[in-house]
Amino acid sequence: MGADAIKQLIDRIDFDVEEVRLREALAWQNPQALLTALAPHEEQLILPRTIEGADPSWFGVPMTLREGDAAERRALQLHLLERSIDSRLMLGGNMTRQPGYLDLDLRIVGELTGADKITESSIWVGCGPTLTDEMVDWIAEAVISFLQR
């Protein structure tokens with residue numbers, strides 16, 4: 001490999017590293033903007049928090065309706081879908097209710113009410129670095145309009 005080829009490779013690697021750093025910086029901005037927009041509605045939503053010292057790489061925002069059940073969560077999902085915003089159910093929640101765990105002899109401590117709440121009332125909305133500020137605002141406005149209906 002000649003010197004020119006090595007320089008081209010190094011230049012290419014440096015560019016990619018800088019692009020990755022830029023994407024990492026942007027990856028935090030969109031979820032943070034959505035969380036900031038939804039924060040005034042925390043009496044209706046449970047929003048995620050990070051613990052001190054954690055540096056999560058957010059690519060979406062989980063949210064849980066404080067009131068209501070699976071039907072209310074589904075209504076929120078449909079409200080978002082009508083506005084071309086897709087969402088997903090949270091993987092997890094009360095795993096003991098998942099089909100793969102139904103016939104297992106599990107040791108369960110307590111009633112798992114928090115896990116049930118996640119299963120019934122939580123969704124996850126993608127919010128990665130490819131979204132524009134306008135798209136993030138659109139998601140926030142859609143969630144807020146649902147909460148204010």
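**Exercise 1. Which residue of β4 is the bridge partner of leucine 89? Work outwards from there to the whole sheet.**

*Step 1.* Start with the pair itself: leucine 89 has isoleucine 123 as its bridge partner in β4. Strands here are DSSP runs of E with at least two residues, helices are runs of H or I with at least four, and both are numbered from the N terminus. Before going on, note that this is a predicted model, where local features need pLDDT of at least 70, side-chain atom pairs count only at pLDDT 80 or more, and totals for chains, interfaces and linings use all residues. Residues are numbered from 1 along each chain as its sequence is written, and side-chain values use heavy atoms, with hydrogens and water left out.

*Step 2.* Now look at the strands around that pair. β3 and β4 run antiparallel and are joined by two bridges; two strands count as paired if DSSP finds at least two bridges between them. β4 is also joined to β2, again antiparallel, by five bridges.

*Step 3.* Follow threonine 64 across the sheet. Its bridge partner in β4 is serine 122, and threonine 64 in β2 is also the partner of isoleucine 46. β1 and β2 (residues 60-65) pair in the antiparallel sense over two bridges.

*Step 4.* Put it together: the four strands make an open, antiparallel sheet in the order β1-β2-β4-β3. That leaves β1 (45-46) and β3 (88-89) as the edge strands, each pairing on one side only. Helix α2 (residues 70-81) packs on the sheet and touches β2, β3 and β4 (122-126), and its direction makes about 20° with that of β4. Contact means heavy atoms within 4.5 Å, and the angle, on a scale from 0 to 180 degrees, is taken between N-to-C directions of axes fitted to C-alpha atoms, for helices over the stretch in contact.

**Exercise 2. Is serine 87 buried or exposed, and what does its side chain make a polar contact with?**

*Step 1.* Find serine 87 in the loop between α2 and β3.

*Step 2.* Check its accessible area. Serine 87 is buried because its relative accessible area is 8%; buried means under 20%, exposed over 50% and partly exposed in between, using a 1.4 Å probe and protein chains only.

*Step 3.* List the company it keeps. Leaving aside neighbours within four places in sequence, serine 87 is in contact with Gln77, Leu80, Ile123, Trp124 and Val125. With the side chain of glutamine 77, the side chain of serine 87 makes a polar contact at 3.4 Å. A polar contact is a pair of N or O atoms within 3.5 Å; within protein, one must be able to donate a hydrogen and the other to accept it, and residues adjacent in sequence count only if both atoms are side-chain atoms.

**Exercise 3. Where does lysine 117 lie, and which residues of that helix are buried?**

*Step 1.* Lysine 117 lies in helix α3. With a relative accessible area of 21%, lysine 117 is partly exposed.

*Step 2.* In helix α3 (residues 113-121), the buried ones are Ala115, Asp116 and Ser121. Their cover includes β2, α2 and β4.

*Step 3.* Leaving aside neighbours within four places in sequence, lysine 117 is in contact with Thr64, Leu65, Arg66, Glu67, Gly68 and Ser122. Its C-alpha atom is 8.3 Å from that of asparagine 94, 23 residues apart along the chain.
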